[in-house]
Amino acid sequence: MKLWIIALSLMGVACDVLYSELASSSTVGSCESLCFCEEKDSILIISCEERGIKEIAQVHVPPSQPFQLSLLNNSLTVLQVNDFASFINAITLHLGFNYIVDIEPGAFNGLSLLKQLHINHNYLEILKEDTFHGLENLEFLQADNNFITIIESSAFSKLNRLKVLILNDNAIEFLPPNVFRFVPLTHLDLRGNQLQTLPYVGFLEHIGRILDLQLEDNKWICNCDLLELKSWLENMPPQSIIGDVVCHNPPILKGNILSRLKTES
């Protein structure tokens, strides 16, 4: 009988040790192997930069602690559905400087607490209707320096808390009507695209809260269609930061700043 008691006790100790190790491994995630981690103000900072990561599945995060995750400079190409389903406590996600060409609908499922998303310096060409599904609390989105030419009309419709949107240095020629209808933007960066005009109806009427609007280095056509933008800019609050709209066409006005032109021109 004593031998059985001893044996059962030893098994209990072994189970406790195994459970402790599994719990510790679950808490630590990739911190002891693939990534570098440190804690600041009760938030875990997980840096997995330049690790040759090709799939999100290679990264394991703690299940019960808020964290910021950086996957800068890796080899990610496609974000697949439910890739981040277990990243439920992520508040910031850096995916810049990868090779991402596609974000599947549902890729961001599970990221309902995410506040900041950085997908800059990738190879994206389109922002689809369901690209940002699951990011209803997102406040900051950085998507500059991609190859974006198309933004579908409902791409941002569920981002009802988005304040900062950075889209500079893409190849956007056209923004669909009402693309920002339900988006409370205060900062919008559209520099370095191929935009020719911005109408009041369907666009300017929906960004009345804007405090910082960057419009430089586009292909602005300074004709009667741009008068709505000129009038809207002239009525912006003086504390607003607005980038110069420089005429690209017609040739006679090329290089002129829209705000300095007389309406008769």
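**A walk across the sheet**

Let's start in the middle: F67 stands opposite A90 in β5. That's one spot where β3 and β5 pair in the parallel sense, over 4 bridges. When I say two strands pair, I mean DSSP finds at least two bridges between them. Strands here are DSSP runs of E with at least two residues, helices are runs of H or I with at least four residues, and both are numbered from the N terminus.

Quick housekeeping. This is a predicted model, so local features need pLDDT of at least 70 and side-chain atom pairs count only at pLDDT 80 or more, while totals for chains, interfaces and linings use all residues. Residues are numbered from 1 along each chain as its sequence is written, and side-chain values use heavy atoms, with hydrogens and water left out.

Okay, the overall picture. The protein chain has 2 helices and 14 strands. Of its 265 residues, 42% are buried, and buried means under 20% relative accessible area, with exposed over 50% and partly exposed in between, using a 1.4 Å probe and protein chains only.

Now the sheet. It's an open one with 10 strands, in the order β1-β2-β3-β5-β7-β9-β11-β12-β13-β14, and the pairing is mixed. At the edges you find β1 and β14 (241–242), each with a single partner strand, so one side of each has no neighbour in the sheet.

Let's walk in from the β1 end. β1 (residues 36–40) and β2 (residues 43–47) pair in the antiparallel sense over 5 bridges, with C37 standing opposite I46. These two strands form a hairpin with 2 residues between them, and D41 in the turn has a positive phi of about 50°. Next, β2 runs parallel to β3 (residues 67–70), joined by 4 bridges, and here I46 turns up again, opposite L69. After β3 comes β5, which is mostly covered: 4 of its 5 residues are buried. On to β7 (residues 116–118), which runs parallel to β5 with 3 bridges; L93 stands opposite L117 there.

What about helix α2, residues 227–234? Which residues are buried in it? Those are L229, K230, W232 and L233. They sit on the same side of α2, because they cover an arc of only 165° around the axis, the arc being that of the directions from the helix axis to the C-beta atoms. The buried residues of α2 pack against β13 (212–214) and β14, where a contact is heavy atoms within 4.5 Å.

Then the charges. A salt bridge here is a side-chain nitrogen of Lys or Arg within 4 Å of a carboxyl oxygen of Asp or Glu, and by this rule we get 5 salt bridges. One of them is K128 with D102, 2.9 Å from N to O. K128 lies in the loop between β8 (126–127) and β9 (140–142) and D102 in strand β6, so the pair ties together parts that are 26 residues apart in sequence. Another is K115 with E139, at 3.8 Å. K115 is in the loop between β6 and β7 and E139 in the loop between β8 and β9, so this pair links parts that are 24 residues apart in sequence. Then there's R191 with D189, the closest N and O atoms being 2.6 Å apart. R191 is partly exposed at 32%, whereas D189 is buried at 9% relative accessibility.

Last stop, Y99. This residue lies in the loop between β5 (90–94) and β6 (102–103), and Y99 is partly exposed, with a relative accessible area of 45%.
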